[in-house]
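Subject: Structure for you to look at

Dear colleague,

Here is the structure I promised to hand over, with the sequence beside it. Please take a first look on your own, and then read my notes below.

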Amino acid sequence: MFERLGLIGCGLMGGSFALALRQAGLVRQIAGFSASPTTTQRALELGVIDVQADSAAEAAAGADLVLVAVPVAATEATFAAIRSALGADTLLMDVGSTKSDVVAAAERALGPALPCFVPAHPIAGKERSGVDHADAALYQGRHVILTPMATSGARQLALAQEVWAAIGARLVEMTPAAHDTTFAAVSHLPHLLAFAFIDGIARQPGGAAILALGGPGFRDFTRIAAADPRMWRDVLLANRQELLDQLRHHRQALAQFEQLIEAGDGAALEQRIAQASDTRAAWHMDSFKPGT
Ligand code: NAP
């Protein structure tokens with residue numbers, strides 16, 4: 001049980017964490033701060049937080065658990081703002097979609113408070129951001145990736161594992177580099193492709209009329225293109241090296257398919273499609289087992 005959660009960034013991810021903690025009876029009081037007072041006010045109205053803080057440092061002061069749930073580009077400034085408000089035993093986590101940049105930001109900004117920090121990335125979310133979409137069940141049954149640092153306190157790491165497990169999440173530990181390579185492939189590249197795909201159709205002559213006739217396959221393929229632009233700008237830039245590597249793999253695969261189509265090589269095309277189809281048919285979300 002935590003006495004006080006300091007929530008910095010009262011949006012979808014932070015708000016969902018607060019609601020889940022409250023529903024599980026794991027926290028006595030939640031103090032929240034967001035960039036704009038209207039968001040913090042809305043979080044109060046929705047019962048996501050109990051107390052509106054006027055600054056990140058005020059939200060963190062006296063909290064035994066602090067969650068930073070802001071866009072990744074705002075992480076370093078947030079760490080710098082709260083570092084002197086953190087107690088020696090405080091657990092500090094983030095929820096950012098990229099990890100190497102967040103770890104580097106922590107190393108630059110947290111100073112003596114570095115042992116408080118356990119980096120985290122929940123593999124959960126929605127296309128719609130904002131506190132109005134916060135959901136106590138968002139993390140239920142979903143993976144949460146922890147990328148502990150050598151400096152993370154043993155007590156903080158154990159508490160981080162406990163709190164995510166208590167709200168129904170399934171924990172996986174990785175290095176920040178392995179995390180960023182993996183999620184460049186299965187999250188960041190698919191988002192980039194979805195944005196570019198919609199953009200490519202919309203800019204064609206008659207694009208709007210073409211889009212209007214998309215069916216269920218189109219809907220499923222492009223769902224993630226409706227995601228939050230600012231959040232994804234930050235993520236794509238923060239993990240740019242890994243993303244560019246994945247883009248190169250993707251271009252290669254696309255070029256190979258293109259060649260087969262140009263050559264009219266039906267047998268080879270069918271074989272490549274069959275391989276992809278079998279791989280996708282055997283895939284199940286959240287089927288990861290440690291050591292695989
Ligand atoms: P969100 O709903 O837009 O929430 C972000 C919140 O951060 C907003 O309340 C925003 O305040 C606040 N904020 C922005 N800059 C701030 C600053 N400098 N100081 C304090 N508060 C600040 O976005 P989200 O989806 O929860 O994303 C938050 C984090 O979760 C991001 O790092 C993202 O990479 C990560 N994440 C998102 C998903 C997803 O599917 N959405 C999944 C996994 C991880 P205002 O409303 O006042 O602007």
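In this predicted model, the ligand is surrounded by 28 residues, and the closest of these are Ser36, Thr39, Val70, Ser97 and Gly130. If you sort the residues of this shell by their character, you will find 16 that are nonpolar, 11 that are polar and 1 that is charged. Some parts of the shell can be traced to elements of secondary structure, since α1 (12-23), β7 (120-122) and α10 (229-238) each contribute at least two residues to it.

It also helps to look at the backbone around the ligand. A backbone N or O atom of Gly130 lies 2.7 Å from an oxygen atom of the ligand, while for Leu12 a backbone N or O atom is found 2.8 Å from a ligand oxygen atom. Met13 likewise places a backbone N or O atom 2.8 Å from an oxygen atom of the ligand. On its own the ligand has 890 Å² of accessible area, and the protein covers 82% of this.

Moving out to the whole chain, you can count 12 helices and 9 strands in its secondary structure. The radius of gyration is 21 Å, which is close to the 19 Å that the globule rule gives for 292 residues, so the chain is as compact as a globular protein of that length. Along the principal axes, the C-alpha atoms fill a box of roughly 70 × 40 × 35 Å.

In what order do the strands of the open sheet of 6 strands follow one another? The order is β3-β2-β1-β4-β5-β6, and the pairing is parallel. At the edges of this sheet are β3 (51-52) and β6 (117-118), each of which pairs on one side only.

Within that sheet, you can follow the pairs strand by strand. Strand β1 (residues 2-8) runs parallel to strand β2 (residues 27-33), with 6 bridges between them, and here Leu7 stands opposite Gly32 of β2. The helix α1, which you have already met beside the ligand, forms a right-handed β-α-β unit together with β1 and β2. From β2 the chain then crosses through helix α2 (residues 37-45) to β3, and this β-α-β crossover is right-handed. The strands β2 and β3 are themselves paired in the parallel sense by 2 bridges, and Ala31 has Val51 in β3 as its bridge partner. Elsewhere in the sheet, strand β4 (residues 65-68) and strand β5 (residues 91-94) run parallel and are joined by 4 bridges, with Leu65 standing opposite Leu91 of β5.

Finally, please look at a pair of strands later in the chain. Strand β8 (residues 143-146) and strand β9 (residues 170-173) run parallel and are joined by 4 bridges, and the partner of Val144 in β9 is Leu171. Together with helix α6 (residues 154-166), the strands β8 and β9 make up a right-handed β-α-β unit.

With best wishes

Conventions:
Residues are numbered from 1 along each chain as its sequence is written. This is a predicted model: local features need pLDDT of at least 70, side-chain atom pairs count only at pLDDT 80 or more; totals for chains, interfaces and linings use all residues. Side-chain values use heavy atoms; hydrogens and water are left out. Two strands pair if DSSP finds at least two bridges between them. A crossover is right-handed if, with the strands pointing away from the viewer, the path from the first strand over the helix to the second runs clockwise. A residue is near a molecule or strand if one of its heavy atoms lies within 4 Å of it. A polar contact is a pair of N or O atoms within 3.5 Å; within protein, one must be able to donate a hydrogen and the other to accept it, and residues adjacent in sequence count only if both atoms are side-chain atoms. Accessible areas come from the Shrake-Rupley method with a 1.4 Å probe; for residues, only the protein chains shown count as cover. Ala, Val, Leu, Ile, Met, Phe, Trp, Tyr, Cys and Pro count as nonpolar, Asp, Glu, Lys and Arg as charged, and the others, Gly among them, as polar. The radius of gyration is taken over C-alpha atoms; the globule rule is 2.2 Å times the number of residues to the power 0.38.
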